[in-house]
Amino acid sequence: MSVQQTPSGDPLVSYPEFGLSCLYDDDDDPSEVTVFPGEEMSTTEWVTADVDSAVALDELR
């Protein structure tokens, strides 16, 4: 986990930053994406999400 200085008005200041990697079940037409820690250990080794249920990060509030 890495720590960065963030302006105090930033609502994300209290959240940690993680280096994550991901893989798809099919590169041409993925139906699932699996997210896992990059090189660092984590209590959760992987999370798999159905692509139709996932929300793009730029669409989050």
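## Surface and overall make-up

The protein chain has an accessible surface of about 5,800 Å², and carbon and sulfur atoms own 53% of that. Keep in mind that this is a predicted model. Of the 61 residues in the protein chain, just 3% count as buried.

On contacts, take those in the protein chain with a separation of 6 or more: 2% of them link residues 24 or more positions apart.

## Strands in sequence

The secondary structure tally is quick to read: 0 helices and 3 strands. Going along the sequence, the pattern of the protein chain is β-β-β. In residue numbers, β1 covers 20-24, β2 covers residues 32-37, and β3 covers 47-50.

## How the sheet goes together

The 3 strands form an open sheet in the order β1-β2-β3, and the pairing is antiparallel. That puts β1 and β3 at the edges, each pairing on one side only. From one strand to the next, the twist averages 25°. As a general reminder, strands of a sheet pair through backbone hydrogen bonds, and the sense can be parallel or antiparallel.

Now for the two pairings. β1 and β2 run antiparallel to each other, with 5 bridges between them. One of the bridge partners here is easy to pick out: Leu-20 is matched with Pro-37 in β2. On the other side, β2 and β3 are also antiparallel, with 4 bridges. There, Val-35 has Val-47 in β3 as its bridge partner.

## A nonpolar patch on the outside

Which residues make the nonpolar surface patch? Phe-18, Leu-20, Val-35 and Val-47 do, and the patch comes to about 370 Å². Some of these names have already turned up in the sheet: Leu-20 has its bridge partner Pro-37 in β2, while Val-35 and Val-47 are bridge partners of each other.

Val-47 is worth a closer look. Its place is in strand β3, which is one of the edge strands. Is Val-47 buried, partly exposed or exposed? Its relative accessibility is 48%, so Val-47 counts as partly exposed, because that class sits between the 20% cut-off for buried and the 50% cut-off for exposed. Val-47 still belongs to the patch, because patch residues need over 30% relative accessible area.

Notes: Residues are numbered from 1 along each chain as its sequence is written. This is a predicted model: local features need pLDDT of at least 70, side-chain atom pairs count only at pLDDT 80 or more; totals for chains, interfaces and linings use all residues. Side-chain values use heavy atoms; hydrogens and water are left out. Two strands pair if DSSP finds at least two bridges between them. Helices (H or I, at least four residues) and strands (E, at least two) are DSSP runs, numbered from the N terminus. Axes are lines fitted to C-alpha atoms, for helices over the stretch in contact, and angles run from 0 to 180 degrees between N-to-C directions. Patches are made of residues with over 30% relative accessible area and no salt bridge: like charges are joined within 9 Å, nonpolar side chains (Val, Leu, Ile, Met, Phe, Trp, Tyr) within 5 Å. Accessible areas come from the Shrake-Rupley method with a 1.4 Å probe; for residues, only the protein chains shown count as cover. A salt bridge is a side-chain nitrogen of Lys or Arg within 4 Å of a carboxyl oxygen of Asp or Glu. Buried means under 20% relative accessible area, exposed over 50%, partly exposed in between (1.4 Å probe, protein chains only). Contact means heavy atoms within 4.5 Å.
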